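Open the model in a viewer and follow the stops below in order. Each stop says what to select and what is there.

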Amino acid sequence: MKKYILDLVVTQNIKLHANYVLIKLTHANPLPEMLPGQFAEIRIDGSNTTFLRRPISINYVDKATNEVWFLVQLVGDGTRKLATVKQGDIVNVVMPLGNGFTMPRDVTKVKPLLVGGGVGTAPMLMLGAELVKMGCEPAFLLGARSSKDLLQLEHFERLGKVYTTTEDGSMGEKGYVTQHSILHTDRFDMIYTCGPKPMMVSVAKYAKAHGIECEVSLENKMACGVGACLCCVENTDEGHLCVCKEGPVFNIKKLLWQI
Amino acid sequence: MADLSVNIGNLKLCNPVMTASGTFGYGKEYEDFVDLEKIGGIIVKGTTLHHREGNPYPRMAETPMGMLNAVGLQNKGVDYFVEHIYPQIKDIHTNMIVNVSGSAVEDYVKTAGIINELDHIPAIELNISCPNVKQGGMAFGVSACGCSEVVKAVRNVYKKTLIVKLSPNVTDITEIARAAEASGADSVSLINTLLGMAVDAEKRRPVLSTITGGMSGAAVKPIALRMVWQVAKAVNIPVIGLGGIMGWKDAVEFMLAGATAIQIGTANFIDPAITVKVSEGINDYLERHGYTSVKDIIGALEV
């Protein structure tokens, strides 16, 4: 897929709560085609601690309004600075980067489960929307520390059944996503997951133990975003592969995780 | 439009802008963003005799106005390059230059000999300065006699333009540059990355898997500029300047300090189209100051 360097215009910056913002951006021309699971490298200007671009996954593409959404967790100087953009500001974005999730071949026979943890729920929204568009019925299993960290639930609920877990028990079942009862009562044919590494490892273990196809989306620290610098590598059955170019989505069979 | 062409050994560059090894992949990674033929020369990823997996993750740390990397020369080896990568890049209409790395003189010689046979590779850049590999060549780059040994050996088998990439991690870089020149190098490029380190205070651990790594980016520019200035005065072969070049103005500064051409490295990560913008910016500068050729500003610093 062709990659672009674009000056996008901020249409909305919505504070979801103290640690998360949802930034919506548009362009005078139609936005490029983007696949669920792909990401963008966003330029943060102005400070000596935000020298490199920040890789942020594509949360959703609203074709009707020609907007791309980025769900941003405020973790460091770069994301904090990005969170201050205002309507009308220009944000320089390189996208779309990486490979998206593998879409099921026969949608009528596949029951996918989309597992997201924390800000890792971001790509699951676009993936869920695409699956619905294809005629699939995705279920979502979303986990976070507490209820306030469960984001965009109203959007997920419009796409399918949503199951939640929180570590403090403030919403859904108490505990981690992999402890949710749905994993014992229901059977899924495909699992897609994104979130903290320990969570993805647990999900991958569950998928492997139950013989379910599983794709994970990784977020190793990266510089170039296009497979040039070889900084963001993950160990795979083919040796070191770049998360930015060969990923960020990998089938768990490819990874050398101890699962 | 000013004349932007420069010569490095037998190489004719349509403009003085090149890309630094390890920051531009094999060129193809950037073809969506820039017209590769508008770049004076593309120096592809460091290539070694044998396949190298490189260092474990994490390999990168962002630092104030720069970054550290510890990739460790990950590449599939020269045979793979010849079979699989060369056919994809040989018809790109610019100077496609291979950066050759190694850990023993024989490895450099064998690799250079193989690349000498490739019609569409008009030059190599000999990397005697990688800080991220044990005996990753830097052993050769930190002493004049180590430099001479490897450059002489490669010169014997390599008949095209030979560029030697120098390490800044030395007491006197001019001594190494002179040794490279005396041993048959057609040009020297400098600087490779500066050895640095990053610590995660919360975890009380180094950020990089290798503890230390190579520093690059805007922060290293004053050091690079100083070294280019010193080396340009010390040798008679063309100097290629690199280190922290983020825009056309930096490039012009390096050329005024004595560089015949420049390389853009880390800046490619921040603006994937920077190379072409820099050559356009150099042209604007020349026109604004009434120069007809970029050669007129090489070493034109008034002191």
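**Stop 1: a helix of chain B**

This is a predicted model. Begin by selecting helix α5 of chain B, residues 173-182. Its buried residues are B:Ile173, B:Ile176, B:Ala177, B:Arg178, B:Ala179 and B:Ala180. Past the helix, pick B:Gly184, which follows α5(B) and has a positive phi, near 110°.

Go back into α5 of chain B and select B:Thr174, which is placed in that helix. Is B:Thr174 buried or partly exposed? With 17 other C-beta atoms within 10 Å, B:Thr174 is partly exposed; a residue needs 20 or more to be buried. Setting aside neighbours within four places in sequence, show the contacts of B:Thr174: they are B:Gln230, B:Val231 and B:Ala234. For a distance across the chain, select B:Tyr108 as well: its C-alpha atom and that of B:Thr174 are separated by 23 Å, and the two residues are 66 residues apart along the chain.

**Stop 2: annotated positions in chain B**

Next, select the positions that UniProt lists, in an unreviewed entry, under "binding site": B:Ser21, B:Lys45, B:Gly46, B:Asn99, B:Asn127, B:Lys165, B:Ile191, B:Gly217, B:Gly243, B:Gly244, B:Gly265 and B:Thr266. Two of them are visited here.

Zoom in on B:Asn99, in strand β7 (residues 95-100) of chain B. B:Asn99 has 23 other C-beta atoms within 10 Å and is therefore buried. Beyond four places in sequence, B:Asn99 is in contact with B:Ser21, B:Ile43, B:Val44, B:Lys45, B:Gly46, B:Thr47, B:Glu125 and B:Asn127. Among these contacts, B:Ser21, B:Lys45, B:Gly46 and B:Asn127 also appear in the UniProt list.

Now move to B:Gly243, in the loop between β15 (239-241) and α7 of chain B. B:Gly243 counts as buried because it has 32 C-beta neighbours inside 10 Å. Which residues does B:Gly243 touch, not counting those up to four places away in sequence? They are B:Ile191, B:Val220, B:Lys221, B:Ile223 and B:Ala224. B:Ile191 is listed by UniProt too.

**Stop 3: two helices that cross**

From that loop, continue into helix α7 (residues 248-256) of chain B and add helix α9 (residues 274-288) of chain B. Two packed helices are described by the angle between their axes and the distance between the axes. Here the axes come within 8 Å and cross at roughly 65°. The crossing of α7(B) and α9(B) is right-handed.

Show side chains at the contact. From α7(B), select B:Trp248, B:Ala251 and B:Val252; they meet B:Lys277, B:Val278, B:Gly281, B:Ile282 and B:Tyr285 in α9(B). Coloured by class, the residues of this contact divide into six nonpolar, one polar and one charged.

**Stop 4: where the chains touch**

Display both chains. How many residues of chain B are in contact with chain A? There are 27, and they are in contact with 24 residues of chain A. On the side of chain B that touches chain A, the elements giving two or more residues are β5 (60-63), β6 (66-69) and α8 (267-270) of chain B. By class, that side has 13 nonpolar, nine polar and five charged residues.

**Stop 5: the domains of chain A**

Hide chain B and colour chain A by domain: domain 1 covers 4-97 and domain 2 covers 107-217. Taken over C-alpha atoms, the centres of these domains of chain A are separated by 24 Å. Twelve residues of domain 1 of chain A are in contact with twelve residues of domain 2 of chain A. On the domain 1 side, the elements that give two or more residues are β1 (4-17), β5 (60-62) and β6 of chain A. That side has seven nonpolar, five polar and no charged residues.

**Stop 6: annotated positions in chain A**

For chain A, the unreviewed UniProt entry lists several positions under "binding site", including A:Leu71 and A:Gln73.

Select A:Leu71, in strand β6 (residues 67-73) of chain A. A:Leu71 counts as buried, with 23 C-beta neighbours inside 10 Å. Apart from residues up to four places away in sequence, A:Leu71 touches A:Tyr20, A:Leu22, A:Asn59, A:Val119, A:Ala122 and A:Leu151.

Finish at A:Gln73, also found in strand β6 of chain A. A:Gln73 has 18 C-beta neighbours inside 10 Å, so A:Gln73 counts as partly exposed. With the same sequence neighbours left out, A:Gln73 touches A:Asn19, A:Tyr20, A:Thr79, A:Gly118 and A:Val119.

Technical notes: Residues numbered from 1 in each chain as written. Chains lettered and ligands numbered in written order. Predicted model: local features only at pLDDT ≥ 70, side-chain atom pairs only at ≥ 80, totals over all residues. Axes fitted to C-alpha atoms, helices over the stretch in contact; angles between N-to-C directions. Helix = DSSP H or I, 4+ residues; strand = E, 2+ residues; numbered from the N terminus. Left-handed = near helix turned anticlockwise from the far one by under 90°. Contact = placed C-beta atoms within 7 Å. Nonpolar A, V, L, I, M, F, W, Y, C, P; charged D, E, K, R; others polar. UniProt positions renumbered as here; feature names shortened; annotations may be inferred. Buried ≥ 20, exposed ≤ 12 C-beta atoms within 10 Å, placed from the backbone. Domains from an automatic or database assignment.
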